[in-house]
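Biologist: Before I rely on the labels attached to this structure, I would like each of them justified. Could you take me through the reasoning?

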Amino acid sequence: MGAMTATAAEPFELRRDDGDLAAGPVALGRSLKRVPLETVLTKANRVAVRKGAAGTKAFGAMSPKPVDWYCFDAADNEVTDWYPQGLTCSSAAALPRSAFVVSWYFKPQSVPERGIRLSFLDPVALRYRHVLLVVADPNGGISPINIHAGGVAWHGNLLYVADTERGMRVFDTRQIFEVNGDGTTTIGRKGGVYSAFGYRYVMPQTGAWRRTGEARFSFAAVDRSTAPGMLVSGEYVETQQEAGRVARWAFNPDGSLRADASGVARAVDAYRLPEPKIQGAVSHNGTWYLSQGAGSARNGALLVVGETVARRPYPVGPEDLTCVRDKNALWSITEFAGRRALYGVPL
């Protein structure tokens, strides 16, 4: 891979560890209405802004600017309790419906932990909605998930959310439930009524892939230039001495990871990253694309890696990456309050 140096893939071994996660959605279905993803998108309650000012602020000295971008509403752009991290799209999932999915983690300022959420954005209608991710127990109770959610990848009906120290958490877009209560400060069930911090929809975790080695899972993406595709994940490191790595796993056609009879998914390959502070990575047609952060005051960089490393201008605070194949475009998201945007650049 030229500037991407091959390394041992064994540390990126994942073992399926679903436990009783499948029982939670079944229990929720006895009390709550299951809704299709299309309902979440068509009933999206927040207005996105195409080519909004928040993006211009995030782009800073970047030249040329992205070819297109979308911004959240004013409240989501400015909030300091929630930070966007991961990004994926319907192109990665190989679905005909145009959509982006953003993962956010909660950074408590004055209220208790609220976990992680996904924003489902319809870029045509310019509408989006947040869905709270939860763990549902076999009795139907729900609780938030306190992880960084640094990346999200979408293949078919399944969403993979990066869990830095554990591996990957799995969510199924066919398992979204409409909450029947309006409590804005509580989560759980009381007398048959569910509340979820004011969110209308919750998505319970349906599976998990646990690391068996010491690898970290800082971001996630899907490489669709191979069939039926590969899951991409890697490690954020602060300095080159730490030598961050990236790895890929083969998907089955249904979106699950290809595993042996014992439930172990072994990475197809792994590589050393050429530079530190990589916030997102995706491979496409033999080329690697890496988003590199430089803090909250300086522009980051897009590293395009083949036989050599080419550096392209990028915004301040770039995060996860996803590929919109029919547009031949690479998309990412910026994280800092007041300067949040989903944006696309040519591959």
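The exchange below goes through the labels one at a time.

Modeller: Keep in mind that this is a predicted model.

Biologist: Why is C71 called buried?

Modeller: The relative accessible area of C71 is 4%. The cut-off for buried is under 20%, so C71 is buried.

Biologist: How do you know that C71 is in no disulfide?

Modeller: The structure holds zero disulfides. For C71, the nearest cysteine sulfur belongs to C89 and is 18 Å away. A disulfide needs two cysteine sulfur atoms within 2.5 Å, so C71 does not qualify.

Biologist: What makes the sulfur of C323 too far for a bond?

Modeller: Its closest cysteine sulfur, in C89, lies 7.1 Å away. Set against the limit of 2.5 Å, that is too far, so the pair is not a disulfide. C323 is also buried, because its relative accessible area is 6% and the limit is under 20%.

Biologist: Which core includes C323?

Modeller: Start with the largest nonpolar core, which has 53 residues; F100, Y160, W249, L257 and L342 touch the most other members. A second, separate core of 32 residues includes C323, along with M4, W69 and V304.

Biologist: Which residues does L257 touch, leaving out those up to four places away in sequence?

Modeller: Among them are L14, Y160, W209, L231 and W249. The list also includes A250, F251, N252 and A265. A contact requires heavy atoms within 4.5 Å.

Biologist: Why is P313 called partly exposed?

Modeller: P313 has a relative accessible area of 38%. Buried is under 20% and exposed is over 50%, so P313 falls in between and is partly exposed.

Biologist: Where is P313 found, and with what is P313 in contact beyond its neighbours within four places in sequence?

Modeller: P313 is in strand β27, residues 309-313. Beyond those sequence neighbours, P313 is in contact with M62 and S63. P313 and A61 are 252 residues apart in sequence, yet their C-alpha atoms are 8.3 Å apart in space.

Biologist: What makes β27 an edge strand?

Modeller: The open sheet has four strands in the order β24-β25-β26-β27, with antiparallel pairing. β24 (278-284) and β27 each have a single partner strand, so one side of each is left without a neighbour in the sheet. Neighbouring strands here are turned by 20° against each other on average, direction ignored.

Biologist: How do you know that β24 and β25 pair?

Modeller: Six bridges join β24 to β25 (residues 287-292), and the two run antiparallel. Pairing needs at least two bridges, so these strands pair. Within this stretch, I278 stands opposite Q292 in β25.

Biologist: What is the phi of K51, and why is K51 called partly exposed?

Modeller: K51 has a positive phi of about 55° although it is not a glycine. K51 sits in the loop between β5 (49-50) and α3. Its relative accessibility is 45%, and partly exposed lies between the 20% and 50% limits, so K51 counts as partly exposed.

Biologist: Where is N328 found, and what is its phi?

Modeller: N328 is in the loop between β28 (318-324) and β29 (329-334). Its phi is near 50°, a positive value in a residue other than glycine. N328 counts as partly exposed because its relative accessibility is 45%.

Biologist: Which residues does a cis peptide bond join?

Modeller: One such bond joins S63 and P64, with omega about 0°. P64 is in the loop between α3 (53-59) and β6 (68-71). The bond from A227 to P228 is also cis, with omega near 0°. P228 lies in the loop between β19 (219-223) and β20 (230-234).

Note on methods: Residues are numbered from 1 along each chain as its sequence is written. This is a predicted model: local features need pLDDT of at least 70, side-chain atom pairs count only at pLDDT 80 or more; totals for chains, interfaces and linings use all residues. Side-chain values use heavy atoms; hydrogens and water are left out. Buried means under 20% relative accessible area, exposed over 50%, partly exposed in between (1.4 Å probe, protein chains only). A nonpolar core is a set of buried Ala, Val, Leu, Ile, Met, Phe, Trp, Tyr and Cys residues joined through side-chain atoms within 4.5 Å. Axes are lines fitted to C-alpha atoms, for helices over the stretch in contact, and angles run from 0 to 180 degrees between N-to-C directions.
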